[in-house]
Amino acid sequence: NKIEDQINNNLHEPQSGLARGILVGSRDWLTTGLRDQFVRSGTIHIIALSGYNITIVVEAMLATLGAIFSVTVAWAVSIVGIVLFVILTGASTTAIRAGIMGGIVILAKLVGRKTYVGRVLVLAIIVMGIMNPFTILYDVSFQLSVIATIGLIYITPKILHKFLWVTTKFGLRDVVATTVGTNIAVLPLILYTMGQMSLVSIPANVLILPLMPLAMGLTFLLVLCFFVPSLSILFAFPLSLLLTFVLWVIALFAVVPFGVLNYPLPLWAMLGMYGVMAVMLFRGGLKEIIN
């Protein structure tokens, strides 16, 4: 509550709501119209806590702590940071899944064991299933999170060479390949559960995703200004400009004609599409799935 109050006192809506959404996953600020814009532009994930948020937090902590302490201390404190961040954000199923994966990877590096992301994902799913089996069966956000991660792990590397024409500056090539890979992976589930899919998510995400680490960082620094209120303006003004641009991009792509595919899938069609994907991705053998 203190964090959200600090953000609200220094930013106007909807910028303050977006800042809260990016940092702690708050969605109470989303009106029906705004939510529709996020969905139609394919950018709703930026306010859904996921492995992306965890990655930004861990990388920031490692960069800061690594310059002061030993690698072991930096990784150990990062594990505590993951736990605190997951709790801070309300411990949603997607945040817990991302936190479990991040914690396992960090522990593996601490003890010098080689780890494979696919195995980590399977272990995270098993742990979540033990905690609450209904999460796997009925939580659509968790299902999307897992399938998007599968797309990131297995589809993105296979299509990365298709985007050599995209510049590597600001990580744009990775953003494009990641967006395409995850969109391919979640397309059948989204059409089955929601009946529509954004066709403009790639250009929208190319413009927005490189700005998210900066937005999270500025929001965090603004929150720290709770202890020194006079410094708030140093971070509130650039953050407001940044979030205004993000909201403008989202609103722009949300009204693109024919920017949304409306085609509800029946269950058999969704399962068939994932069956075809599985054959195409893993026809080299089951060993590839866990490597």
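# Exercises on a predicted model

A nonpolar surface patch of about 1100 Å² is formed by Phe-220, Leu-221, Leu-224, Phe-226, Phe-227, Val-228, Leu-231, Ile-233, Leu-234, Phe-237 and Leu-241. The structure is a predicted model, in which local features need pLDDT of at least 70 and side-chain atom pairs count only at pLDDT 80 or more, while totals for chains, interfaces and linings use all residues. Residues are numbered from 1 along each chain as its sequence is written, and side-chain values use heavy atoms, with hydrogens and water left out.

**Exercise 1.** Determine which elements give two or more residues to the nonpolar patch, and place Phe-226 relative to H12 and H13.

*Solution.* Begin with the criterion: patches are made of residues with over 30% relative accessible area and no salt bridge, where like charges are joined within 9 Å and nonpolar side chains (Val, Leu, Ile, Met, Phe, Trp, Tyr) within 5 Å. Accessible areas come from the Shrake-Rupley method with a 1.4 Å probe, and for residues only the protein chains shown count as cover. Helices (H or I, at least four residues) and strands (E, at least two) are DSSP runs numbered from the N terminus. The elements giving two or more residues to the patch are helix H12 (212-224) and helix H13 (232-254), and H13 gives the most, with four residues. Phe-226 is placed in the loop between H12 and H13. Phe-226 counts as partly exposed because its relative accessibility is 42%, given that buried means under 20% relative accessible area, exposed over 50%, and partly exposed in between (1.4 Å probe, protein chains only).

**Exercise 2.** Trace the salt bridges found in a search of the whole structure, and state whether Arg-20 is buried or exposed.

*Solution.* Side chains of opposite charge can pair when their charged atoms come close. A salt bridge requires a side-chain nitrogen of Lys or Arg within 4 Å of a carboxyl oxygen of Asp or Glu, and the search of the whole structure finds two. In one of them the side chains of Glu-13 and Arg-20 meet at 3.2 Å, N to O. Arg-20 also forms a salt bridge with Asp-28, the closest N and O atoms being 3.2 Å apart. Through shared partners, Glu-13, Arg-20 and Asp-28 are joined into one network. The burial classes then follow from the relative values: Glu-13 is partly exposed at 46%, Arg-20 is buried at 4%, and Asp-28 is exposed at 60%.

**Exercise 3.** Work out why H2 is described as largely enclosed by the rest of the structure.

*Solution.* The buried residues of H2 are Gln-15, Ser-16, Gly-17, Leu-18, Ala-19, Arg-20, Gly-21, Ile-22, Leu-23 and Val-24. Because ten of the ten residues of H2 are buried, the helix is largely enclosed by the rest of the structure. H2 is followed by Gly-25, whose phi is positive, near 75°. The loop between helix H2 (15-24) and helix H3 (32-41) holds Thr-31, which counts as partly exposed at 44% relative accessibility.

**Exercise 4.** Identify which residues touch the most other members of the largest nonpolar core, and examine Val-186 and Thr-179 in helix H10.

*Solution.* A nonpolar core is a set of buried Ala, Val, Leu, Ile, Met, Phe, Trp, Tyr and Cys residues joined through side-chain atoms within 4.5 Å. The largest core has 78 residues, of which Leu-11, Leu-18, Phe-38, Ile-46, Met-212 and Leu-243 touch the most other members. Helix H10 (residues 172-193) gives the most to this core, with ten residues. For contacts, the condition is heavy atoms within 4.5 Å. Not counting residues up to four places away in sequence, Ile-46 touches several residues, including Leu-18, Phe-38 and Met-212. With the same exclusion, Val-186 touches Leu-144, Ile-147, Ala-148, Met-197 and Tyr-274, and Val-186 is buried at 7% relative accessibility. Thr-179, also in helix H10, is buried with a relative accessible area of 5% and, leaving aside neighbours within four places in sequence, is in contact with Ser-201, Ile-202, Asn-205 and Leu-209.

**Exercise 5.** Report which elements have the lowest and the highest mean pLDDT.

*Solution.* pLDDT is the predictor's confidence in each residue, from 0 to 100. The mean for the protein is 82, and 90% of its residues reach 70 or more. Among the elements, helix H6 (residues 93-110) has the lowest mean pLDDT, 69, and H13 the highest, 93. Over residues 286-291 the pLDDT is below 50, and this stretch has 13 contacts in the model beyond near neighbours in sequence.
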